[in-house]
Amino acid sequence: MNPRWIYVASAASFALLSLSGCAGSISGFGGAAAERTAEGGGADVARISIMANLHTPEVPSPLIETMLEEATGVELTFQWTPDGSYEEKFNASMATGTMPDAVYLKNASMLTFLREPMQSGLFWEIGPYLEEFPNLDRLQTEVLRNTAVEGKVYGLYQERPSSRQGVIFRKDWADRLGLQAPATIDELYTMLYQFTYNDPDGNGVDDTIGLTDRSDLVYGAFKTVLSYFGAPNGWGEKDGRLAPEFMFPEYRETMNFFRKLHEEGLINRDFPVTAKADQQDLLTMGKAGVYIGAMGDVISLQTKAAQSNPNAVLDVHNRIAGPKGERVWATPGFGTVVLFPKSAVRSEEELRRVLGFFDELMTPELANLLHWGVEGVHYTVENGKAVPSDDFDLKYKDVKPYQGIEIGGPSTIEGFLESDFRMPVKGKADRLTKDNDSMLVLDPTAGLHSRTFDERGMRLQEIVRDATYHYILGMIDETGFEAEVQRWLREGGERIIQEFNDSDGM
């Protein structure tokens, strides 16, 4: 009987539980990593099962999956799991030992809370094997180090810019109301207020809100606005020592900002339990005017918004000044990672077969297939760049989900096609994403280690997450929030602070 750690993330909670359960298997997965079977005397077939996050309402068409199988000689089984229930599914699979051969995490933050399960031996340490594969060996050492636990690499990463965060807003609404892109927090508030109460769509009905948000304090709007207010990224220096972001006054100021938005009806009132797809629908269906998140989302949001209203026009903006100037939080260079459970991949031989498949995903042919789709169908190549098809629905159905299983990115894959979007606002989003590099706020604990954080960090995060939502919703006051911070300190937070301050990175 081996311990199993459960990752739980409901709308307003995180938890870490340790269960005991025998490693098991279910039909189609258990222990069949790249299993070689001879059927009817035919050639051996490699089989690989993959759990991946689904950001679209429906699973993709089989087109690209079939092409991947033909190109690699691998029989694939995908567990496409909706974004809103991904943690629950991951949780259940890890608890019962029924994980597939490869599991993608929902996002980079999820990796933080899986350090102890990785150290316990639940997943393969793959670092020593990467040099055997020419494409995987090109993954950047610095980014791999950011994914590592005590110097050991367990996952392959998806490359991401340092910060894609910014504001997407209804420019046609702003123009109608005489508003410019917000340059300060006050101007952002003004836009949200006027988008709620000044009839921005001109229909004479009180049916709009300013901000659409979702149940995510990191990749939703909260953390980006937090950086506008001048808060550190995760951790910061306070009185000469590292301390968590929620112990800084800027965190309280950001909570007060969101509390005001909620009290005044400038944000969807159920945002703590709103899924990403529903959040985006509020914008594209003309119910909300501002979306704070990845600026690159503008291409899909603009396309869907225009389908609902041909006159809808979106714009992007990235520089909003707060008390400490223009700032935006930075990621560690990856969007997510893929891990390889030992309950499914049961030998080094099987691990090498699975890694070989992912090595092939980093060839330019397959990397471009995953990202752009089929040339001549989903995109064309002009002047050496990919020009996406105007048929957005086809791309959304065939291609979008597979972007979630990419490995590496443009800086590690020679021949990865650059974009030539004919939608000007997408080009602007790309430029502003690069511009974010000039005002990044880094997490100083990225290379540090705390054993208590590994053991209790997920459970303790539940305290802070719940308290933040409860404060914004008016369920507790500042005294109540401070009481929860003190609880966090008593139940292990003090030790985490001490260990991070004592850590030398190993």
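This passage describes selected helices, one sheet and three single residues of a predicted model.

The structure is a predicted model, in which local features need pLDDT of at least 70, side-chain atom pairs count only at pLDDT 80 or more, and totals for chains, interfaces and linings use all residues. Residues are numbered from 1 along each chain as its sequence is written, and side-chain values use heavy atoms, with hydrogens and water left out. Helices (H or I, at least four residues) and strands (E, at least two) are DSSP runs, numbered from the N terminus.

Helix 1 spans residues 63-72. Its residues Ile64, Glu65, Leu68 and Thr72 are buried. Buried means under 20% relative accessible area, exposed over 50%, and partly exposed in between (1.4 Å probe, protein chains only). These buried residues lie on the same side of helix 1, because they cover an arc of only 105° around the axis. The arc is that of the directions from the helix axis to the C-beta atoms. The buried residues pack against strand 4 (74-82), helix 12 (348-361), helix 13 (364-372) and helix 14 (392-398). Contact here means heavy atoms within 4.5 Å. Gly73 follows helix 1 and has a positive phi, near 75°.

The packing of helix 1 with helix 13 can be described further. The two helices pack at an angle of about 175°, and their axes are 11 Å apart. Axes are lines fitted to C-alpha atoms, for helices over the stretch in contact, and angles run from 0 to 180 degrees between N-to-C directions. Helix 1 and helix 13 are therefore roughly antiparallel to each other. Angles under 35 degrees count as roughly parallel, over 145 as roughly antiparallel, 65 to 115 as roughly perpendicular and the rest as oblique. From helix 1, Ile64, Met67, Leu68, Ala71 and Thr72 meet Leu366, Leu369 and Leu370 of helix 13. The contact residues divide into 7 nonpolar, 1 polar and no charged. In this division, Ala, Val, Leu, Ile, Met, Phe, Trp, Tyr, Cys and Pro count as nonpolar, Asp, Glu, Lys and Arg as charged, and the others, Gly among them, as polar.

A second helix pair is formed by helix 9 (residues 249-263) and helix 16 (residues 451-472). Their axes come within 8 Å and cross at roughly 45°. Helix 9 and helix 16 are therefore oblique to each other. Tyr251, Met255, Asn256, Phe258, Arg259 and His262 in helix 9 meet Val464, Thr468, Tyr471 and Ile472 in helix 16. This contact comprises 6 nonpolar, 3 polar and 1 charged residues.

Helix 10 covers residues 276-284. Lys276, Gln279, Gln280, Leu283 and Thr284 are its buried residues. They line one face of the helix, because they fall within an arc of 135° seen down the axis. Their cover includes strand 7 (165-170), strand 8 (209-212), strand 11 (288-294), helix 11 (298-308) and strand 12 (314-317). Just after helix 10, Gly286 takes a positive phi of about 80°.

Within helix 10, Gln280 counts as buried at 10% relative accessibility. Leaving aside neighbours within four places in sequence, Gln280 is in contact with Tyr291, Asp297 and Leu301. Its C-alpha atom is separated by 12 Å from that of Asn268, 12 residues apart along the chain.

Lys276 of helix 10 also appears among the contacts of Asp83. Asp83 lies in the loop between strand 4 and helix 2 (86-96). Asp83 is buried, with a relative accessible area of 11%. Beyond its neighbours within four places in sequence, Asp83 contacts Asn53, Leu54, His55, Lys106 and Lys276.

An open sheet is formed by 3 strands in the order 17-18-19, with mixed pairing. Two strands pair if DSSP finds at least two bridges between them. Strand 17 (379-382) and strand 19 (418-419) are the edge strands, each pairing on one side only. Strands 17 and 18 run antiparallel and are joined by 4 bridges. Thr380 stands opposite Val387 in strand 18. The two strands form a hairpin with 2 residues between them, and Asn383 in the turn has a positive phi of about 55°. Strand 18 (residues 385-388) pairs with strand 19 in the parallel sense over 2 bridges. Here Lys385 stands opposite Glu418.

Ser503 is located in the segment after helix 17 (478-502). Ser503 counts as buried at 18% relative accessibility. Not counting residues up to four places away in sequence, Ser503 touches Leu448 and His449.
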